[in-house]
Amino acid sequence: MAVAAAGGGGGGGGGRAQRSGWLEVLVRERWHKVLANLGGEALVLSGEERPDGAAHNGLGGDGAACRGAEGGGGAAAVRTAFTDPPEQVPEAVSNKKRCVKVLKQELGGLGISIKGGKENKMPILISKIFKGLAADQTQALYVGDAILAVNGTDLRDATHDEAVQALKRAGKEVLLEVKYMREATPYVKKGSPVSEIGWETPPPESPRLGCASADPLSQLSLSIHRDKKTIPLKMCYVTRNMTVSDPENRLIEVHSPDAKHTVVLRSKDSATAQAWFNAIHSSVNELIPRVIAEVRDQLGKTGIAGSREIRHLGWLAEKVPGDNEKHWKPVLVVLTEKDLLIYESMPRMKEAWFSPLHTYPLLATRLVHSGPGKGSPQSGVDLSFATRTGTRQGIETHLFRTETSRDLSLWTRSVVQGCHNSAELITEITTCCTYKSQECRLTIHYEHGFSLTTEPQDGAFSKTIAQYPYEKLKMSSDDGIRMLYLDFGGKDGEIQLDLHSCPKPIVFIIHSFLSAKITRLGLVA
């Protein structure tokens, strides 16, 4: 992958780079080399010319051939398609093969940058010529020349990396077979593909969320230089095997908080990809407490979708219903003190927090799966968990996938503890029902158990028909439509209650109360 060893430059995005090196980025269905620098709050992708003259543009360059350009490597010291427009190239040169001998210099090599390659569906093109170095001194090479061969080695079907290696191996005396391609000038003129990477622009309603740094000098959340892109990591979703097939396990996906943009990065091998993923994922996770604090400030006393506070939030992959085991989609999941909320993207405006895609009461939700399953992101490793919620429409199930085992542990623990805390917070629920043709109320209390009372008539007090503690409950069941059956082992046998709607919410709430009480008593780990 690397044309030259990754340097320490290219910072930006807040703080010292935690990791730096060469990666490839997918832009317009083509892979382009970039220098990646990971800071505490941002990932910076650079494709610019470095001061030492080494080509760091998006399609890479002949680092060995271009290194050490004398004169500083600035704009004035580089010939490009802008400084040497096509009309200045002699007509006699156009579309004719030429052989040019170049003598490599000890410092500066050939003194060119190249673009293109088989993977980019383009020939190997000279995109820059550094003034005063070997290629420039021939006065016979032009920006826009296609390199057909190097010392007899055919490059017409070469990848970019193969061309770089051929130039490195060429020795001191290099014979280039070239052909000027006027029609390739627009391609050579293009800035780094880094500048074409799409990303979101946070709306003014949320000034902090999405910014790379609180530093006033860094308030532009997108550093849109010609050859540099700064991606703020706050509330990004970092994942693998989501949108692009990755049979070699070399890809990393970074999804924007608004779920509209995805940057796909490729590493040289699986191990390096995993190291980059771990580093970016850790940086994102470290920012979550700050995000929660900022959202709390943003919402003020109004809370979030009927709840008072956020206990945990983050991105998960949700299994899309269907036969395709690998079809997952990103969702933002928020746990409050009493609800599980699902959003399609990170809300920016205050009002958006009040309209989640799904709202599930934790009291009527249970964790039903965590561990071995199908469709895991890595071979032999399953990082999924499932929830089931009792609703008036029946049971709703969601299968989620986390990115690391630590995430899996955190989410499953948070869901279970959220259900138990919700039971202690809400304490009791009451629902109307019919018992032996009489309109009644069923009350389930976290501490006191079950009570069945008559509906008060004409201002009279309600009458208690039956009352049972939890330890008397032998069995509960339902028909999935409207009937709830509670067996307390008494002389009346099974109590049959018509709830007038799907009994699943009540069944799940009974389970949550019992589970919370058992956990509180220390009867389970």
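This passage describes the overall fold content, the largest pocket and the cysteines of a predicted model.

The protein chain holds eight helices and 28 strands. Of its 525 residues, 53% are buried. Contacts across the sequence were also examined. Among those in the protein chain with a separation of 6 or more, 59% join residues 24 or more positions apart. The accessible surface of the chain is about 24200 Å². Carbon and sulfur atoms contribute 51% of that surface.

The largest pocket encloses about 550 Å³ of space. Its lining comprises 25 residues. Closest to the pocket centre are His281, Asn285, Ile288, Asp407 and Leu410. Five elements each supply two or more residues to this lining. Two are strands, β12 (237–239) and β15 (310–319). The others are the helices α5 (270–286), α6 (288–299) and α7 (405–426). By class, 13 lining residues are nonpolar, seven are polar and five are charged.

Cysteine pairing was searched across the whole structure, and zero disulfides were found. Cys432 illustrates the result. The closest cysteine sulfur to that of Cys432 belongs to Cys433, at 7.6 Å. A disulfide requires sulfur atoms within 2.5 Å, so the separation of 7.6 Å is too far for a bond. Cys432 has 36% relative accessibility and therefore counts as partly exposed. Cys99 has 58% relative accessibility. Exposed residues are those over 50%, so Cys99 counts as exposed.

Definitions and conventions: Residues are numbered from 1 along each chain as its sequence is written. This is a predicted model: local features need pLDDT of at least 70, side-chain atom pairs count only at pLDDT 80 or more; totals for chains, interfaces and linings use all residues. Side-chain values use heavy atoms; hydrogens and water are left out. On a 1 Å grid over the protein atoms alone, a cavity is a set of points where a 1.4 Å probe fits but cannot get out, and a pocket is an open set with protein on both sides within 12 Å along at least five of seven lines; lining residues have an atom within 4 Å of a point. Grid points are joined across faces, edges and corners, and a volume is the space filled by probe spheres set on the points. Helices (H or I, at least four residues) and strands (E, at least two) are DSSP runs, numbered from the N terminus. Ala, Val, Leu, Ile, Met, Phe, Trp, Tyr, Cys and Pro count as nonpolar, Asp, Glu, Lys and Arg as charged, and the others, Gly among them, as polar. Buried means under 20% relative accessible area, exposed over 50%, partly exposed in between (1.4 Å probe, protein chains only). Contact means heavy atoms within 4.5 Å. Accessible areas come from the Shrake-Rupley method with a 1.4 Å probe; for residues, only the protein chains shown count as cover.
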